[in-house]
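Biologist: Could you take a close look at one part of this model for me, the paired charges and the space beside them? I would love a connected account rather than a list.

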Amino acid sequence: MMYDQTRAQQPPDKQPGSAGRRMPGPEPLLGSDERAELTQRLNHALNTFANNPREALEEAETAFDEAAAQLMSALTERRRALHEGWHGQDPATQADELRHALRQYREITQRLLRM
């Protein structure tokens with residue numbers, strides 16, 4: 001199989017031939033329960049702002065801090081798993097396996113840069 005530079009430079013969700021079809025996106029970094037809980041807390045802060053602005057801001061700040069901490073933890077785990085997947089492998093490791101790891105690094109880094 002030959003390396004296709006044009007295809008490799010496409011963002012993960014914009015592969016040629018997708019013409020309007022939504023490809024399944026990458027798996028979320030935080031689980032649905034964690035996202036739902038943090039969203040609920042943030043919404044609660046927004047809804048209580050009129051009655052108690054300082055308390056609402058403290059709650060929003062805490063939700064933000066927890067989201068950032070959970071995201072950092074998820075990114076650290078993702079990096080560890082990616083690193084273990086290729087580092088220390090036999091030098092004869094198939095190029096396809098290494099290319100897959102490179103794509104994963106690219107995808108997660110691009111997601112970070114789009115934030």
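Modeller: Happy to. Glu 107 is buried, with a relative accessible area of 13%, and this is a predicted model, so please read every value as computed from it. The partner of Glu 107 is Arg 111: their side chains meet in a salt bridge, at 3.1 Å from N to O. Arg 111 also counts as buried, at 18% relative accessibility, because the cut-off for that class is under 20%. Both residues sit in helix α4, which covers residues 95–113, and being four residues apart they are separated by about one helical turn.

Elsewhere, salt bridges that share partners join Glu 77, Arg 80 and Glu 84 into one network. Within that network, the Arg 80 and Glu 77 side chains meet at 2.3 Å, N to O. These two lie in helix α3, three residues apart, which is about one turn of the helix. Here the setting is partly exposed: Arg 80 has a relative accessible area of 36%, and Glu 77 has 40%.

The structure holds five salt bridges. One of them pairs Glu 66 with Arg 41, with 2.8 Å between the closest N and O atoms. This pair links distant parts of the chain, since Glu 66 belongs to helix α3 (residues 53–86) and Arg 41 to helix α2 (residues 32–48), 25 residues apart. The two ends fall into separate accessibility classes: Glu 66 is partly exposed at 30%, whereas Arg 41 is buried at 19%. As a general point, side chains of opposite charge can pair when their charged atoms come close.

Now back to Arg 111, which also takes part in the lining of the second largest pocket. About 190 Å³ of space lies in that pocket. Helix α3 gives the most to its lining, with four residues, and α3 and α4 each supply at least two. Among the lining residues are Phe 64, Ala 67, Ala 68 and Leu 71, along with Leu 112 and Met 115. Pro 28, Leu 29 and Leu 30 line the pocket too, as does Arg 35. By class, the lining has nine nonpolar residues, no polar ones and two charged ones. Arg and Lys count as charged, so the charged members of this lining are Arg 35 and Arg 111. Arg 111 therefore has two roles in this picture: a buried side chain that meets Glu 107 in a salt bridge, and a charged residue in the pocket lining.

Notes
Residues are numbered from 1 along each chain as its sequence is written. This is a predicted model: local features need pLDDT of at least 70, side-chain atom pairs count only at pLDDT 80 or more; totals for chains, interfaces and linings use all residues. Side-chain values use heavy atoms; hydrogens and water are left out. A salt bridge is a side-chain nitrogen of Lys or Arg within 4 Å of a carboxyl oxygen of Asp or Glu. Buried means under 20% relative accessible area, exposed over 50%, partly exposed in between (1.4 Å probe, protein chains only). On a 1 Å grid over the protein atoms alone, a cavity is a set of points where a 1.4 Å probe fits but cannot get out, and a pocket is an open set with protein on both sides within 12 Å along at least five of seven lines; lining residues have an atom within 4 Å of a point. Grid points are joined across faces, edges and corners, and a volume is the space filled by probe spheres set on the points.
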